[in-house]
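Here are some notes for a colleague who is meeting this structure for the first time. They are set out as numbered points that can be followed beside the model.

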Amino acid sequence: MTEDRCPCRPLLDRLGDRWSALLLVTLQEGGCCYGDLERRIGDISRKVLTQTLRSLERDGLVTRTVLTGTVVRVRYELSELGHSLAEPLGAIRGWIDRHQEQVETHRRSYDAGEATAPGVTELRRRQSSSTRWSTQTATASRRPASAPSAIFTP
């Protein structure tokens with residue numbers, strides 16, 4: 001880790017990844033076994049679910065308990081530290097609930113090409129195109145009139 005990185009960055013990366021926050025919110029409803037988590041989350045692979053749960057356990061946000069019986073099962077619950085995230089995650093969830101439609105409207109508008117200003121790539125393309133056009137026009141104006149096709153030659 002370089003010294004110029006914020007020391008909070010690894011934890012922000014963990015909480016901001018695709019699955020961690022969803023698992024933490026799911027576990028706020030109460031602990032459950034691995035298979036139940038897999039069903040409740042839905043479209044997560046077993047590998048990613050296992051990796052995410054291990055990372056959350058490593059960070060002290062989730063506890064893992066092995067239940068023995070005829071079938072060995074593993075139960076996951078929020079730790080005390082994990083429960084302390086309930087309020088901030090709830091605030092984010094509330095914000096999403098209040099603003100999701102607005103965000104989706106902005107996404108549709110953006111995707112339809114209705115962005116307020118062109119991006120850097122578009123501006124460079126336009127600049128390159130206008131430079132190429134003015135260079136070709138200037139070159140063509142110096143050529144004799146008997147060679148009109150020279151304008152289209154690179």
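**Notes on salt bridges, core and surface**

1. In this predicted model, the side chains of Asp 97 and Arg 93 meet in a salt bridge, with an N to O distance of 3.5 Å. Both residues belong to helix α6, where they lie four residues apart, or about one turn of the helix. Asp 97 is exposed, with a relative accessible area of 53%, while Arg 93 counts as partly exposed at 46% relative accessibility. Elsewhere, Arg 14, Asp 17 and Asp 59 are joined into one network by salt bridges that share partners.

2. The structure holds seven salt bridges, and another of them pairs the side chains of Arg 39 and Asp 36 at 2.7 Å, N to O. These two residues lie in helix α3, three residues apart, which is again about one turn of the helix. Arg 39 is exposed, at a relative accessible area of 62%, whereas Asp 36 is partly exposed, at 31%. A further salt bridge brings together the side chains of Glu 38 and Arg 46 (3.0 Å, N to O), and Arg 46 is exposed, with a relative accessible area of 55%.

3. Which residues of the largest nonpolar core touch the most other members? Of its 20 residues, these are Leu 23, Leu 24, Leu 27, Leu 37, Leu 53, Val 62 and Tyr 76. Two or more residues come from each of α2, α3 (34-41), α4 (46-58) and β3 (73-78), and α2 gives the most, with four residues. Leaving aside residues up to four places away in sequence, Tyr 76 touches several residues, among them Leu 27, Leu 37, Leu 53 and Val 62, as well as Gly 31 and Arg 64.

4. Gln 28 has its place in helix α2 (residues 20-28) and is partly exposed, with a relative accessible area of 30%. Although Gln 28 and Leu 78 are 50 residues apart along the chain, their C-alpha atoms are separated by 6.9 Å. With residues up to four places away in sequence not counted, Gln 28 touches Leu 78, Leu 85, Ala 86 and Leu 89.

5. On the surface, Ile 92, Trp 95, Ile 96 and Val 103 make a nonpolar patch of about 340 Å². Trp 95 is found in helix α6 (residues 86-111) and is partly exposed, with a relative accessible area of 44%.

6. How many disulfides does the structure hold? The number is zero. Cys 6 counts as partly exposed at 38% relative accessibility, and Cys 8 counts as partly exposed at 37%.

Notes
Residues numbered from 1 in each chain as written. Predicted model: local features only at pLDDT ≥ 70, side-chain atom pairs only at ≥ 80, totals over all residues. Heavy atoms only, no water. Patch = residues over 30% accessible without salt bridge, like charges linked within 9 Å, V, L, I, M, F, W, Y side chains within 5 Å. Areas by Shrake-Rupley, 256 points an atom, 1.4 Å probe, with all protein chains shown as cover. Salt bridge = Lys/Arg side-chain N within 4 Å of Asp/Glu carboxyl O. Buried < 20%, exposed > 50% of the residue type's maximum accessible area, 1.4 Å probe, protein only. Contact = heavy atoms within 4.5 Å. Core = buried A, V, L, I, M, F, W, Y, C linked by side-chain atoms within 4.5 Å. Disulfide = S-S within 2.5 Å.
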